[in-house]
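Please open the structure in your viewer and keep the selection panel at hand. The stops below take you through it one selection at a time.

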Amino acid sequence: MKPATLKILGKPSSINVRKVLWACEEIGRPFVLEEPALGSAEFRPLNPNGLMPVIVDGDFVLWESNTIIRYLANDAAAENLLPSDARARALVETWIDWQATEFNTAWRYAFQALVRKSPPHQNKADIAASVRDWTKAVAIVDGQLRRSNRFIAGPAFTLADIPIGLSINRWFMTPIENRPSFPAVRAYYERLSERPGFMLHGRNGIP
Amino acid sequence: MLKILGRKTSVNVQKAMWTVGELGLPHERADLGGEFGGLDTPEYIALNPNRLVPTLDDGGFTLWESNTIIRYLSRTYGHGTLAPADPHAYARAEAWMDWSLTSLYADVILTCFIQHVRVTAKDRDVAAVAAAAKRAGEKLGILDAQLASRQFVMGGQLTIADIAVGTLMYRYFNLPVARPSLPNVEAWYARLTQRPAYQAHVMIDFKPMMVAGA
């Protein structure tokens, strides 16, 4: 028998941990958040990758943030977030995967340079290339929002809006020169802001 | 009939094709992307706004993102085989699929493969390739531990976890990069190479893709 309270391991400032925290708010799953040291004897056996978040749900341990939020929605039978119909589910999953494959890859260098101020990431041409790729990805979100009407996978909020919404928050919170305006993305950002989970774990001042 | 849009030399098309092959599903494939082009037409962008391959068409239902495609195919046509029936096992298989994207893909494909195949020897960023190969070797050490007591990533049978990670392995083991000793990964890869669907759809010589001077 698993406990009602989920244990989440990770730093609340990490974008990948924030996906899990926001998902718990949307699902209504109680949780406790712990921040073990990455190399600690307590943490290491839970995730051989040494990365967070990790969840502990009774005796079930799981890592990889996008997998965790799919598991939690599925476990709660949250049909509105992740439908059980294979086709409807796949259309939600596409945008969750795309966040990992394209969106996150695009901003990596620029984010390190402009937010983390990382010394090895200060090459101007590489920053410009990353901002260009990032802008292209946001343009894809903008186009999709125009077609899907309101949320990333359709007219209603789904699990895909969690990784995409956090990524859009990062876009607006990063100091980008001459940031192009994407009206549908801006309206989406404000629409997400009506959700308490997003204000707590997404649009909370952290890029 | 299932239709897969995408050139057979794309590693992401190969994931979808291997899945279709394992499931024995009747299908056809259309060459798109790379030298075939066709990704910037309004018709294609309407199917796949990300303008990459593959795109799946299952009787008019269209879908993109290769890992999403293989999860969809396995849930629809391979429940209990390629898609583990137990929800915990399914979630663990998904974790390894995500791991292939977050931990391996950039180093193995975007750096090692692209630098060796799409960049001339003169322009190759040798230091970046060496660093990427080192990271990939370390990450595969984690998979090596997982495979110590298992025939396949999840246990005794092939699942979507093997497909997502295993598709990258043909390139990893056939590129001239430094590899650490990974006995369990090597034995697993050898098992994959015995499968007809892997041979047909993944073991596709990439030398013809190399640019002149690569």
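Two strands are said to pair if DSSP finds at least two bridges between them, and that is the sense in which strands are joined throughout this tour of a predicted model.

**First stop: the strands of chain A**

Select residues 6-9 of chain A, which form strand β1, together with residues 31-34 of the same chain, which form strand β2; the two run parallel and are joined by four bridges. To follow the pairing residue by residue, pick A:Leu6, whose bridge partner in β2(A) is A:Phe31, and then A:Lys7, which stands opposite A:Val32 in β2(A).

Now add helix α1 of chain A, residues 15-27, to the selection, and you have a right-handed β-α-β unit made of β1(A), this helix and β2(A).

Keep β1(A) on display and add β3(A), residues 54-57, which pairs with β1(A) in the antiparallel sense over three bridges. A:Lys7 is worth picking again here, since the bridge partner of A:Lys7 in β3(A) is A:Val56, while in β2(A) the residue opposite A:Lys7 is A:Val32.

**Second stop: backbone details in chain A**

Select A:Met52 and A:Pro53, which are joined by a cis peptide bond with an omega of about 10°; A:Pro53 is found in the loop between β2 and β3 of chain A. Then move to A:Arg150, which has a positive phi of about 95° although it is not a glycine, and which is found in the loop between α4 and α5 of chain A, the latter being residues 161-173.

**Third stop: a link between distant parts of chain A**

Over all chains the structure holds 21 salt bridges. For one of them, show the side chains of A:Arg195 and A:Glu26, which meet at 2.9 Å, N to O. This pair links distant parts of the chain, with A:Arg195 in the loop between α6 (183-192) and α7 (196-201) and A:Glu26 in helix α1, 169 residues apart.

**Fourth stop: chain B**

Turn to chain B and select strand β1, residues 2-5, with β3(B); the two pair in the antiparallel sense over four bridges, and B:Leu2 has B:Asp58 as its bridge partner in β3(B). Next add strand β4 of chain B, residues 61-64, which pairs with β3(B), again in the antiparallel sense and over four bridges; here B:Asp57 has B:Thr62 as its bridge partner in β4(B). β3(B) and β4(B) form a hairpin with two residues between them, and B:Gly59 in the turn has a positive phi of about 60°.

Before leaving this chain, select B:Val53 and B:Pro54, which a cis peptide bond joins with an omega of about 5°; B:Pro54 lies in the loop between α2 (42-47) and β3 (55-58) of chain B.

**Last stop: where the two chains meet**

Show both chains together, and look for the place where 28 residues of chain A are in contact with 31 residues of chain B. The two chains bury about 2,700 Å² between them, 56% of it on carbon and sulfur atoms.

How many salt bridges are there between chain A and chain B? The count is five, and one to display is that between the side chains of A:Arg70 and B:Asp98, at 3.2 Å, N to O. Between the two chains there are also 19 residue pairs in polar contact, counting pairs with both residues at pLDDT 80 or more.

To see which parts of chain A face its partner, select β4 (60-63), α2 (65-75), α3 (86-114) and α4 (124-148) of chain A, the elements that give two or more residues to the side that touches chain B. The largest share of that side, 13 residues, comes from α3(A). If you then colour the side of chain A that touches chain B by residue class, you will find 13 nonpolar, seven polar and eight charged residues.

Note on methods. Residues numbered from 1 in each chain as written. Chains lettered and ligands numbered in written order. Predicted model: local features only at pLDDT ≥ 70, side-chain atom pairs only at ≥ 80, totals over all residues. Heavy atoms only, no water. Right-handed = clockwise from strand over helix to strand, strands pointing away. Contact = heavy atoms within 4.5 Å. Buried area = accessible area lost by both parts, 1.4 Å probe. Salt bridge = Lys/Arg side-chain N within 4 Å of Asp/Glu carboxyl O. Polar contact = N/O pair within 3.5 Å; in protein donor to acceptor, adjacent residues only side chain to side chain. Nonpolar A, V, L, I, M, F, W, Y, C, P; charged D, E, K, R; others polar.
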